[in-house]
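Q: Take me through the empty space in this model, close up. Then carry on into the helix packing.

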Amino acid sequence: MTSKEASEKWNISKRQVNYLCSSGKIPGAKLVNRKWNIPDDYCYKKDLQVLSSVSTGGLRKYVNVGDDGFRTIRNSEYIDKSGLISFMNSCLSTSQKLICVSRPRRFGKSFGAKMLCAYYCKECDSKDLFDDLTIAKDKSFKTHLNQHDVVYLDMTFFISTLKDDEDLIDKIEKEVIEDLSDIFPAVINDTSLINAFSKYVAFNGQKLILIIDEWDAPFREFKDNAEILEKYINLLRSLFKSNFTDRLFDGVYMTGILPIKKYGHESTMSDFFEYSMVEPRPLQEYIGFTEKEVAGLCKKHDINFEELKSWYDGYHVGDEHIFNPKSVMESILRKKLSNYWVKTETYESLRDYIDMNFDGLKDAVVDMIGGASIKVDTNSFQNDLTSMENRDDVLTLLIHLGYLAYDEDEETVSIPNGEIKREFVKIVQKLQSR
């Protein structure tokens, strides 16, 4: 019988059944085609000690965390972006399986990551979340639905819970290994994440899908701490630039604000396929809300589309007009057009970068406020917040941060819409008043 059949027969969770099998507690249980095959005549007796060891750690935080995140999203107004799953499915177990998607803050990065987690995670049944979405019509839909072990890492969570005496990278490895040991106790004493993953995959016979949300957060939060960044780079290198990569992962999906950092002539993760605000194709429709999607929302909620468009339209990504999802949803909820793009440290950096005035940058900003487009070379940008050497570097950074729109055909930048224009006007006024 299967794990599901055993869980129903014994009145315990499928997770507990899999744990009993993997820890050798059920004689004769065999892993066949990545699924446990349990003898029909096995007489199960509840082992309180074993079951308590499964649950003492509370809810899992990283390994097979389920679909609660995406279920919450579906309970609200939702724009169908499930076509991203079709793209991801086509890349699994191929040379294109390492994917990094970068976009500005508040552009739905976490929504996409949670959707992928809900779809792939094997310890939940998420069919009802996707039945009415585009992905349900795809031929690969049932093949991968809830069939994979998923490791989901939110780098901002690690940083926000970091104590003064803790090392960030040690914390990441320690906590993920502890979570993994809840399923596979043999890794409990490991200190290396790649070793723990290797043991688990070798025993379980199934590769992992790794999802990293806000992968670049350490580069943004610790941009001046060379020791932390070096350890983080080494961790990424061990996972994605070694002979273990193909043996451990069916697919990797990373999302963040910045593209992968360039280190000299070679990136630490040069095997990744990147999709950014500068080079988005073919994922441009998943970066934000398309014009068609926003028009549908306006019609549904009786909002004047042309007014909303004048305030929030302007990101030309690939061949799509893209709207900021945060701003659109907030304006519909509140029935008012305003600046809903919450300011963070990047806003303060915007003022600082403009104040550097590389190659007449201030004058260029004034021209853009007046409606002009400015020529830009995006090739020298080092994909970080500190290596600004000329005007083109600053302008390229502002593209990735969402403050400027990029026309890839003309290779120019411009201020995308009324919402962002207001912020530039404020900054220029403050700089001129000093």
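A: On a 1 Å grid over the protein atoms alone, a pocket is an open set of points with protein on both sides within 12 Å along at least five of seven lines, a cavity is a set where a 1.4 Å probe fits but cannot get out, and lining residues have an atom within 4 Å of a point. Points are joined across faces, edges and corners, and a volume is the space filled by probe spheres set on them. This is a predicted model, so local features need pLDDT of at least 70 and side-chain atom pairs count only at pLDDT 80 or more, while totals for chains, interfaces and linings use all residues. Numbering runs from 1 along each chain as its sequence is written, and side-chain values use heavy atoms, with hydrogens and water left out.

The largest pocket comes out at about 1,500 Å³. Its lining takes in 50 residues, with N64, K122, E123, C124 and D125 nearest the centre. Plenty of elements chip in at least two residues each, including α1 (3-10), α6 (109-120), β4 (149-154) and α11 (193-204); helices (H or I, at least four residues) and strands (E, at least two) are DSSP runs numbered from the N terminus. The lining of this pocket splits into 16 nonpolar, 19 polar and 15 charged residues, where Ala, Val, Leu, Ile, Met, Phe, Trp, Tyr, Cys and Pro count as nonpolar, Asp, Glu, Lys and Arg as charged, and the others, Gly among them, as polar.

Now for the enclosed space. There are four cavities of 30 Å³ or more, and the largest cavity has about 50 Å³. Around that cavity sit L153, M155, I172, L193, I212, Y232, L235, L236 and L239, which by class means nine nonpolar, no polar and no charged. The top contributor to the lining is helix α13 (residues 226-240), with four residues.

That same α13 packs on helix α10 (residues 168-181): the axes come within 8 Å and cross at roughly 35°. Axes are lines fitted to C-alpha atoms, for helices over the stretch in contact, and angles run from 0 to 180 degrees between N-to-C directions. On the α10 side, L168, I169, D170, I172 and E173 meet I228, K231, Y232 and L235 of α13, contact being heavy atoms within 4.5 Å. The tally there is six nonpolar, no polar and three charged.

Further along, helix α19 (residues 361-369) has two partners worth a look. With helix α20 (residues 391-401), the axes come within 11 Å and cross at roughly 45°, so α19 and α20 are oblique to each other; angles under 35 degrees count as roughly parallel, over 145 as roughly antiparallel, 65 to 115 as roughly perpendicular and the rest as oblique. L361, A364 and M368 of α19 touch R391, V394 and L395 of α20, giving five nonpolar, no polar and one charged.

The other partner is helix α21 (residues 418-432), packed against α19 at an angle of about 140° with axes 10 Å apart, and that makes the pair oblique. Here α19 brings K362, V365, V366 and I369, and α21 brings K421, F424, V425, V428 and L431. By class, the α19–α21 contact has seven nonpolar, no polar and two charged residues.
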